[in-house]
Amino acid sequence: MKSYQIVKAAIHHTSPPRLPVNFGCFGCSDFGWLPVKQPQRWEPSVPGEDEWGCVWSQTEMKNMGQVTGNPLKSLDDVDSIKRPDYDDDSRYEDVPAALEAMQAESKYVIAGLFMVLFERMHTLFGFENTLCGLLTDQDRMGALADLIVDTHAGYVRNVHRRFGDAVHGINVSEDWGTQTDAFISFDLWMEFFFP
């Protein structure tokens with residue numbers, strides 16, 4: 001079986017000959033990642049700023065760093081948040097050639113979304129503010145969550161419109177807790193995030 005078939009068999013529980021692997025750092029992966037980039041016309045206004053306006057800092061330790069500048073100071077300003085422009089054609093310029101190469105290798109092609117909801121909420125508004133807001137102001141926190149989901153849904157729609165069935169899945173990252181506990185209760189998750 002080739003990579004695409006192995007991943008599909010694993011997803012559908014039809015006994016692939018081995019588990020799919022995703023160890024690109026070791027040169028071994030059944031997956032191909034869509035090379036979507038920042039649009040050409042976008043530039044950070046300060047060093048470390050991402051497309052949402054969050055400012056990232058790093059130490060000497062090599063990793064992604066952490067957000068130290070949260071752009072949303074008040075839930076009154078949700079509508080003024082910077083958002084990535086997923087309609088910008090320049091973002092997808094490298095995709096056709098990469099897709100051709102991934103298809104030639106029979107990879108399972110995935111697009112990625114980083115910090116899909118809860119993480120993006122607290123990078124925008126601050127971790128403590130987000131946790132408190134979820135308990136004290138769910139209507140305005142809901143507006144923030146809706147804005148984030150709508151933006152990311154725009155990315156998914158763009159990928160599908162541009163590349164259709166050549167993209168097999170969407171990979172999302174989202175931390176909901178530590179190694180031992182969730183950041184929020186199950187009841188709050190079901191009340192706020194599940195709907």
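Is Val172 buried, partly exposed or exposed, and what is its relative accessible area? In this predicted model, Val172 has a relative accessible area of 46%, and because buried means under 20% and exposed means over 50%, Val172 counts as partly exposed. Val172 belongs to strand β7, which covers residues 169–172, and together with Val156 and Ile170 it forms a nonpolar patch on the surface, the three residues having about 210 Å² of accessible area between them.

Before following β7 into its sheet, it helps to take in the chain as a whole. The protein chain contains 6 helices and 7 strands, and these succeed one another along the sequence in the pattern α-β-β-β-β-β-α-β-α-α-α-β-α. The C-alpha trace spans about 50 × 40 × 40 Å along its principal axes, while the accessible surface of the protein chain amounts to about 11900 Å², with 53% of that area belonging to carbon and sulfur atoms. Of the 195 residues in the protein chain, 39% are buried. As for how contacts are distributed along the sequence, if one takes those between residues at least 6 apart, 68% of them join residues at least 24 apart.

Strand β7 takes part in an open sheet of 3 strands, in which the order is β3-β6-β7 and the pairing is parallel. The edge strands of this sheet are β3, residues 31–33, and β7, each of which pairs on one side only. From one strand to the next, the twist averages 40°. Helix α5, which comprises residues 138–163, packs on the sheet and touches both β6 and β7, and the direction of α5 makes about 155° with that of β6. Strands of a sheet pair through backbone hydrogen bonds, and they do so either parallel or antiparallel. In the case of β3 and β6, where β6 is made up of residues 108–113, the two strands run parallel and are joined by 3 bridges; in one of the pairings between them, Phe31 has Tyr108 of β6 as its bridge partner.

The loops offer some further points for inspection, beginning with two backbone angles. Most residues other than glycine have a negative phi. His13, however, has a positive phi of about 55° although it is not a glycine, and Met115, likewise a residue other than glycine, has a positive phi near 55°. His13 is located in the loop between α1, residues 3–11, and β1, residues 22–23, whereas Met115 is located in the loop that leads from β6 to α3, the latter covering residues 118–125. The surroundings of these residues can be read from their accessibility: His13 has a relative accessible area of 71% and is therefore exposed, while Met115, with a relative accessible area of 4%, is buried.

A last stop is the loop between β7 and α6, the helix of residues 186–193, where Ala182 is found. Ala182 has a relative accessible area of 53%, so it is classed as exposed, the cut-off for that class being over 50%. If neighbours within four places in sequence are left aside, Ala182 is in contact with Trp176 and Gly177. Ala182 can also be set against Pro84, from which it is 98 residues apart in sequence and 28 Å apart in space, taken from C-alpha to C-alpha.

How values were computed
Residues numbered from 1 in each chain as written. Predicted model: local features only at pLDDT ≥ 70, side-chain atom pairs only at ≥ 80, totals over all residues. Heavy atoms only, no water. Patch = residues over 30% accessible without salt bridge, like charges linked within 9 Å, V, L, I, M, F, W, Y side chains within 5 Å. Areas by Shrake-Rupley, 256 points an atom, 1.4 Å probe, with all protein chains shown as cover. Salt bridge = Lys/Arg side-chain N within 4 Å of Asp/Glu carboxyl O. Helix = DSSP H or I, 4+ residues; strand = E, 2+ residues; numbered from the N terminus. Buried < 20%, exposed > 50% of the residue type's maximum accessible area, 1.4 Å probe, protein only. Pairing = 2+ DSSP bridges. Axes fitted to C-alpha atoms, helices over the stretch in contact; angles between N-to-C directions. Contact = heavy atoms within 4.5 Å.
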